[in-house]
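Colleague: I would like to learn how to read the side-chain contacts in a model such as this one. Could we take the charged pairs to begin with, and then go on to rings and surface?

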Amino acid sequence: MKAFISVLSLLFLAVGGSAQHGIIGFGISMYPDLCCQACHDSLAHLYLSCTTFEDPSGHGGMGGMVKRDDEGAGKIMLMGMTSDECRASNKAWLETMAYCIQQNCNADGYPADKQAECFSSQATGGGTEPKFHESLPDHPPTQELAPEAMWLNETSLVNSDMYYSTHGTLAEFVRSEEYHSKYGVSLIFIFVGSCLVLGILTQIRSRSQPKTGNKPASKLKQHLLLPALTPSSRRLEPLPSKIGYIPSRALSVAISLYVVLNVIFSAVSIRSFQPNTWFLSAGFELCEYVGNRTGTLSLVNMALAILLSGRNNILIALTGWSQTTFLTLHRWIARISVVQVVVHSIAYTAAYFQEGYGGVSAYAEKAAEPFYTWGIVGTVLLCLVVGLAILPIRAKVYEFFLASHIVLVVLSLVATWYHLVPHYGHQFGYEVWLYIAFAFWGWDRLVRLARIAAYNGIGGVGMKAVVEAVPGTDGKIMEITVFPRVCWGLGHAGQHSFLSFPGLFVKTRGRVWENHPFSIAGWTNMPGQSASLAKTATRQQVQDKKAVTEATHTATTTVHTGKGNDRSIKFLIRAHAGITSHLRQQVLASPSANRLETTIYTEGPYAGHRATTYPLYQADTIVCFAGGIGITHILGFVQEYLTARARATAARKGGMKATRFILAWSARELALIQHVKKRFLGADSEERTRSDLGLELMIWCTADATSSEVSGGDEGKREGAMEIAESSDIWNGRMNIASVLRGAMEVGHRAAVMVCAPGAMADEVTRQTIKCLSDGFQVDLIEEAFAW
C-alpha cells in the first residue's frame, strides 16, 4: 500500500508541481492577474503614436489595406505593430494602463504589490522601468474611450463595456478550464480512493476473525455482491453469440455509478458569458466548453483504463478483486473514454455551424490544420481500439486482438500528443494526463521486464522445463514442469505465470513476445513445504529429472538451471489454437512422442494474494468446484490445505484452519482425471491418507465410458468403464452442484466456496451459494473466472 500511495503522490505531484507541467487550477494559474489581463486586452488593439505601420503590398512606408464600408466605398484600415519598447515609452499607454489596473484591481481586492508586478509584465512587457506608482497619472482621467476607438493618444478611461466583456470572457474561460481539471482530478481520486478504502477494509477483514451470525454481511452478499444483474441473467457465461458478458450486480452498480458520474461531470458547471470578446455566438462558446470538458475527461479515463489493464496493477493486491474484475472495469472505462472523445469531436464540429461562423467552409479550413487532423486521427484510432476488442474477436483471434490493441493504443496516444502539445504547448497542461497514462503503461512494462530478468536471468537464459503429453489425450492436454532458477514468491496457491516458448520461434513466425497465463497447479521442495508432502514431491521430482535425462532429441536448447534446480513448479494446459497448438505438435513430434525437454521463459508469479483468498483461511469447510482444466487452479489450494493439515501449528501461523476439504470436479476426459489423481492427488492406495487429512474427492466424468473421450480403443474403454464402476470417488454423468454444496453445509460452521469452471457451471455455483446464504448458512464465494 505504501508503494501505491508513493506512486500516486509522484503522479499528482506532476499534476500540481509547477507552472510548466501542471494543469489549470493545479500548478497553472492561467490569469492570476485577471484584472490586469483584462485592462491589457481592452487596450492592446489600440494604436499608439509610436506604432509602426507596414504597407501590406510590401513596399514599405505608410500603407494600408482597403476595407469596404456599407456603401461600397473604399476605406483605408491601417495595419500596425506596437512593440513592448513602444508601450514602455508611451505616456498615454502607461498612464491609462496604470489607472485601469489601480481602479479595477482595487475593486477585485488585488493587493498593491501584485498590481505593481502585473503592471511590469502587462504594461512594459516585463521591463523594470517605469514603475507602477510612477506611471499613475497626476489627475484621474475623465474621458472614456469610445467603443469604436482605434487610437490611444491621451490618458483615458478604459471603455467600461469593453472592460466588462473582456473581463467576463477571460473569467468564464478560466472558470471553465478549472472545472475541467477539478472534475478530472476528482474522477481519479474518487475511483482510486474508493479502491483504497475497500482495500483497507479487505486487509483488515483478512487479518481478523470472522463474526458469526453477521446478518448484514450475509444480506449484502446475498442481494448485492454475489448475484447476477437480474435473477435470470448470466454472469460468467457469455451472452448468446458471445457478444459479451453482463457484469455482476455489484459490478454493474459500480459501473453505472461511474457512468452517471461521468455524465454529470461532462455536463455541469458549463455556462456562457455574453457579450463575449472571443466567441461570436453563445453556441460556439458552449460547444468549445463541452468539447474541452469531454476531451479532458476522456484523457483522464484513458489513463485509468491503462492502469487497470496492467498485470502489475497494485489495486488487485489491495482490494482482493480478481484481474477479471479489473479488466471488466478497464473495458467499461475505456468505452466511456471513447464516447467522451467522440462527443469532444462532435462538439468542435458543431461549433463551426453556429451563428456567425462559416459552416462547412470554416470547418474544412480548421480541419486542415495539423493539430485538428491529429485529433481526428486519434478519435478514429480510439474507436478502433474499442471496436476490435469485442468478445468474438478476443475469443477467436486472441493474438491478433492483443497485438492490434497495443499498437492502436500506442498510436492513439501519439496522435493525441500531436493534437495537444504542438498547438497548446504547456499553457493548459492537457499533456499531463498523457504523462500519467505513459507512466502507468511504462510502470507495468518496467516491472514486467524486471520480473523476466529476475526469474529467467539477465541474459535471457530461461528455465529448463519438461513438457509431457498427458497419456490418453493425444497431446491435447499437457503437463509442464518448470525448474525455476529462483523461487521468490513461488509456492502459494492461486498463482499464475505467463509462459513463453522460445523454441517455437519458427512456428510462431518470430513472435517471441507472445505469452499466455497459466495457473500453477503445484510445486515441489519450495521453502516451508511439509515433510509428508515433500516425500511425494521428491518421488515426482525424480521422475521429472529422469524425463529430462531420457530426452535425446529436442528442437530447443538445454540450459543449466543453476542453484536450486531440485525445485519445480507444474502447469496443466489444454491445447487450443495458437502457441499451445504449436507446442502440442512439437511434443508429439519428439522421439518419445510424448515428452520434450525445452527452455521456457516465465513472467510471474502473479495473483495468490491473501486479500483475495482469505475466506479459505477462515473457513471450517472448503468446497472447491472445478470444471475441466479449471482443476489446475484448484490443485494449488489442495496442496496448501494438505500442507496446513500436516502442520500442528498451521492455524496459529495463518494457514488454513479447515478440517474438511471437498473437491468437486467435472471433466470430459477420463485420462485427465486419472492423470491428476495419480500425479497431484496421490494414488488410489493413498485414499486412506486423504481421508485422514479431511480431503474428499467427488469427480464426475461427463463423457460416456464408451465415447471417444475415453481413449485406448475398445480395451481402454472397457478399462475406463471398470475404473469408474469400481472407484469410490468417480461417477459418470453431470454433477449435481446443489446436492454437493448442500451436503457440505453445517449449521454453525463457516464454509468457503471456490469455483474455477466454465461460465455456465460457475454461474450455477453462484446461484446455489446464494440459496445457502438465504437459508442462513455462513458461506463465502471466491471465483476464478474462465473469461476472455
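Modeller: Gladly, and please keep in mind throughout that this is a predicted model. A good case to begin with is the salt bridge in which the side chains of R584 and D474 meet, at 3.0 Å from N to O. R584 belongs to helix α19 (residues 579–588), whereas D474 sits in the loop between β7 (463–469) and β8 (477–483), so this pair ties together parts that are 110 residues apart in sequence.

Colleague: Is D474 buried, exposed or partly exposed, and how is that decided?

Modeller: The label follows from relative accessible area, with under 20% read as buried, over 50% as exposed, and anything in between as partly exposed. D474 has 48% relative accessibility and therefore counts as partly exposed.

Colleague: How many salt bridges does the model contain by this rule?

Modeller: The count comes to 21 salt bridges. Another of them joins the side chains of R660 and E696, at 2.7 Å from N to O. Here the linked parts of the chain are two strands, with R660 in β14 (residues 660–667) and E696 in β15 (residues 695–701), 36 residues apart. E696 has a relative accessible area of 31%, which is why it is classed as partly exposed.

Colleague: Which residue forms a salt bridge with D729, and are the two partners buried or exposed?

Modeller: The partner of D729 is K677, and their closest N and O atoms are 3.0 Å apart. Since D729 lies in the loop between α24 (713–726) and β16 (730–732) while K677 lies in helix α22, the pair ties together parts that are 52 residues apart in sequence. Both D729 and K677 are buried. Salt bridges may also share partners, and in this way R311, D444, R445, R448 and E603 are joined into one network.

Colleague: You mentioned helix α22; why can it be called largely enclosed by the rest of the structure?

Modeller: The argument is a count over the helix: eight of the ten residues of α22 are buried, so the rest of the structure largely encloses it. Among these buried residues are L670, L672, I673 and V676, together with H675 and K677. R679 is also found in this helix, which spans residues 670–679, and because its relative accessible area is 18%, R679 counts as buried. The side chain of R679 makes a polar contact of 3.4 Å with that of E479.

Colleague: Where is R750 placed, and with which side chain does it make a polar contact?

Modeller: R750 is in strand β17 (residues 750–756), and a polar contact of 3.2 Å joins its side chain to that of Q778. With 10% relative accessibility, R750 counts as buried.

Colleague: Let us turn to the rings. How many aromatic pairs are there?

Modeller: The count comes to 32 aromatic pairs. One of them is Y47 with F53, where the centres are 5.2 Å apart and the planes stand at 75°; an angle over 60 degrees is what earns the name edge-to-face. Y47 and F53 are both buried. W321 and F326 make a tilted pair instead, with 5.4 Å from centre to centre and 35° between the planes. W321 is read as partly exposed because its relative accessibility is 26%, whereas F326, at 0%, counts as buried.

Colleague: And which charges sit over the rings of W332 and Y617?

Modeller: For W332 it is the charged end of R335, which sits over the ring at 4.8 Å from its centre. For Y617 it is R610, lying over the face at 4.0 Å from the ring centre.

Colleague: Finally, which residues form the nonpolar patch on the surface?

Modeller: The patch is formed by W374, V377, I406, V410, V414, Y418 and W441, which together have about 530 Å² of accessible area. Helices α14 (370–387) and α16 (398–424) each supply at least two of its residues, and the largest share, four residues, comes from α16. Y418 lies in α16 and, having 40% relative accessibility, counts as partly exposed.

Key:
Residues numbered from 1 in each chain as written. Predicted model: local features only at pLDDT ≥ 70, side-chain atom pairs only at ≥ 80, totals over all residues. Heavy atoms only, no water. Phe/Tyr/Trp six-rings, centres within 6.5 Å; stacked < 30°, edge-to-face > 60°. Buried < 20%, exposed > 50% of the residue type's maximum accessible area, 1.4 Å probe, protein only. Lys NZ or Arg CZ within 6 Å of the ring centre and 35° of its normal. Patch = residues over 30% accessible without salt bridge, like charges linked within 9 Å, V, L, I, M, F, W, Y side chains within 5 Å. Areas by Shrake-Rupley, 256 points an atom, 1.4 Å probe, with all protein chains shown as cover. Salt bridge = Lys/Arg side-chain N within 4 Å of Asp/Glu carboxyl O. Polar contact = N/O pair within 3.5 Å; in protein donor to acceptor, adjacent residues only side chain to side chain.
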